[in-house]
Amino acid sequence: MTELKRAGTHDDGDICVNFSSNPHIDDIIHARNSRRQILGGMAAVAGLFGLSACDSDGGEPQSNVTVSAGAAATTTTGKNVSLMGTATNATSVQWVQVSGPTVTLTNPNTNNASFIAPAVATSTPLVFAFTSPGNNNQLAIASTTVTVNPATLDFTAVPKLLNDVVTVPAGYTVSVLYALGDPIASGVPAFGNQGNDTNFAQRAGDHHDGMYFFGLSAAGTRDDSANGRGILCVNHENVTEQYLHAGGTLTVVGGARTSQVEVDREIECHGVGIIEVSRSTAGAWSYNQASTFNRRITPNTPMVFNGPVRGSAQLRTLFSPTGVAGRGTVNNCANGYSPWGTYLTCEENWAGYFNRATGDNAARPAKVGQAFTRYGVAGGPVAGLNWGTLVVSDPAETKYRKWNASAIAGQPADGTGDFRNEPNQYGWIVEIDPYDPASTPRKRTALGRMAHEGAWPANFVAGRPPVYYMGDDSRGEYFYKFVSATPWDAADALRTDRLAVGDKYLDNGTLYVARFDATGQGVWIPLVFGTGVLTAANTLYSFENQADVLINARLAGDAVGATKMDRPEWCSVNPANGEVYLTLTNGNATSRPLAGTDAANPRHYNDPRTNGTNQIGNPNGHIIRLRETGDNPIALTFQWDIYLFGAGSDLNANINLSGLDATNDFASPDGLWFGRPTNPSGQINPLLWIQTDDGSFTDQTNNQMLLALPGRVGDGAARTITNTDVGGATRQQATFVGKTPGLTLKRFLVGPRNAEITGIDSTPDGRTVFVNIQHPGEGGPTATPSSNWPTSQSGAGNNARPRSATIVITKNDGGVVGL
């Protein structure tokens, strides 16, 4: 925090005392040639007090009040700045901004006002006047100047750590807000955390992931500017069964699940949590267990399908013979949002939840088996939770049977008698209205079906169609964008029929897939039935209609020659310039062999672990970015480069291409998020938050979160690197590398043991940041967990079972987090 305090004294008899080194207010008046001009600019002060400014030329009676505005100061973007005025014989005071970018003053009618330093591109002065009315109808005025410099990462980087707490820089505080099992409805008992709890449909789910904060007014209505109260939507991706169940293992007999209690617990722990949160006057955040906004959306929650796939024959099931309805969402990883106030949750690795009988492909048309295989809906035994193997006594029950995607003998071939088509009901973007607990979520099929990893919007501009960017999280998969068919009308942001607004913008449009060319340019290829090779005559896969293209977006990407990427995961759009960043988490020797690199996925190397084992391929991942032609997200071409390469700082320059050091080396980038444009962290040169989901670097540090001030596409240079395989063979690969980050990249957070850092958002003012800690202690034994977090955050772990949780990070001086 920057404080501006009185410096020195002044006793020459001038009533309008100026204790700073800045020009006297009267000098400013004379310099502008007209005292009336500056008083006009301070009309609020004059109007408040009904007074004129005092004069020091002796021509007017003098006031009995003296004021000081304190010394000049220098600060940087995002800092909490205190104005420290003093006044003698004053009955009231007021701070007024005279010049510079407009800021909001807190407590302007006290001696000590404050404000958040605005985002600036260059050193920028802000002038403030401190005023007080005195006798003789005179106004005592003093001025001070605060010079604001551009944003910096003004914290000491957190070192690499292997401890069992969340560690952030000095000057910041961490608290736990919402953890696995927390009750979110009245009357639900506190979480016991011994594996015996039930009713997770009214408790926090597991594996907290992507999330978004929606503001609430004091009256409980939508308020996008609210900072102290809101609705937090949190994805619950998966479960850690060794800590969720009493015995730490799944009850399985003859390969089948037999405990309905266990299966219910696991199913209900998936999906989305919607909770009301608020900040107390003391600054502490908590959630409201009894809020009417609280809601769990699970794999059992009724859904409807919208868009081109609605009613498709490929969606028909025993539950929905017409293919227009479904139940639930699962494996919800990354997320998105809409400006009309809805939450977008993304179904990622949904394929592994389905069972199919051995030889099931023989009971189907060949192309159906081909499509299932392409998505990983395997035939035969699967390694997973196997909910579809649970048999219960109620013959009408289908919430477990739906996970068995086998074609049942004797049932209609159209799928209306079983759940052979149920996998086609997953892999979508799901839109949820967090303000209406009675609303039915809608699956937006125009955005395609894949292992969705995020749906992040481009900046919304009136008259331009909305655009969403999406990764498909698997090695060798693609990067997509959806361009709505409807130009954006800003008035729709305020409508209360929010899901109907989603119908308008998300049900019709064009899905594109990216091709990254070796020239540093790229092309968006439309996935439109009847265009190019996407026809029934395609020899790879015979596409029947647009619904078939969208259901099988991966096969469509294969057919049009899109670029296979190293696990395209989260994406985020720079709110200041519209450039798009995409994490490519990692690749292995199979997906990225020495001869299989390309310009956009240029590395093949060995990163040996400290235990002597080898990690071959691209185990540390990278972050690619693109700039749409004309800075227009609906463009069909773009320029790209690689912003950052994950690497240990001990690796050679052909691997550590970004020149990382011990303060910022990392591996396996996953979560990605720019600061909100409603505060300085998202303006001019926005902060980029980078989260890791790492297995390759965890012998040196737990997973982490870094902060960056990135440049722009093209700020580096072309480079040819030498890749080397484990046998010593080499191959050259040309690529495009962004500038070395240096001090514009620092490690901000290190998490507890065996946890992934994933999911992030902030309040609109950027002074509170929410982060998710997923699966601490993953892989550890039930009796002696490898992590005891979050219990360990406040002291000894006491051998407590670990829990995924949402944390709150605030800056102790009240400034914008990260700046």
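Hi everyone. Let me start with one term: a cavity here is a set of grid points where a 1.4 Å probe fits but cannot get out. Please keep in mind, too, that what we are looking at is a predicted model.

So, where are the enclosed spaces? The structure holds two cavities of 30 Å³ or more. The largest cavity contains about 40 Å³ of space. Around that space you will find L180, D206, T240, Y243, H775, P776, P802, R803 and S804. Sorted by class, this lining has four nonpolar, three polar and two charged residues.

The second largest cavity holds about 30 Å³. Its lining is made of Y643, L709, P710, G711, K739, T740, P741 and T744. Here the classes come out as four nonpolar, three polar and one charged.

Now to the open spaces. The largest pocket has a volume of about 580 Å³. Lining this pocket are 28 residues, and Y212, Y337, R676, P677 and T678 are the ones nearest its centre. Which elements give two or more residues to that lining? They are β12 (208-215), β25 (452-457), β32 (568-573) and β39 (669-674). Strand β12 gives the largest share, with four residues. As for chemistry, the pocket lining divides into 17 nonpolar, seven polar and four charged residues.

Let's turn to a sheet. If you have the model open, look for the four strands of an open sheet, in the order β11-β47-β46-β45, paired antiparallel. At the edges sit β11, residues 172-179, and β45, residues 756-762, each of which pairs on one side only. From one strand to the next, the twist averages 25°. Taking one pair in detail, β45 runs antiparallel to β46, residues 768-774, and six bridges link the two. Within that pair, I760 stands opposite V771 of β46.

My last stop is helix α9, which spans residues 553-560. Which of its residues are buried? They are A553, R554, L555, A556 and G557. And what covers them? The cover includes two helices, α6 (366-375) and α8 (546-551). It also includes the strands β26 (467-472), β27 (475-477), β28 (479-484) and β29 (509-516). Just after α9 comes G561, and its phi is positive, near 80°.

That's my tour: cavities, pocket, sheet and helix. Thanks for listening, and I'm happy to go back to any of these on the screen.

Terms used. Residues are numbered from 1 along each chain as its sequence is written. This is a predicted model: local features need pLDDT of at least 70, side-chain atom pairs count only at pLDDT 80 or more; totals for chains, interfaces and linings use all residues. Side-chain values use heavy atoms; hydrogens and water are left out. Buried means under 20% relative accessible area, exposed over 50%, partly exposed in between (1.4 Å probe, protein chains only). Contact means heavy atoms within 4.5 Å. On a 1 Å grid over the protein atoms alone, a cavity is a set of points where a 1.4 Å probe fits but cannot get out, and a pocket is an open set with protein on both sides within 12 Å along at least five of seven lines; lining residues have an atom within 4 Å of a point. Grid points are joined across faces, edges and corners, and a volume is the space filled by probe spheres set on the points. Ala, Val, Leu, Ile, Met, Phe, Trp, Tyr, Cys and Pro count as nonpolar, Asp, Glu, Lys and Arg as charged, and the others, Gly among them, as polar. Two strands pair if DSSP finds at least two bridges between them. Axes are lines fitted to C-alpha atoms, for helices over the stretch in contact, and angles run from 0 to 180 degrees between N-to-C directions.
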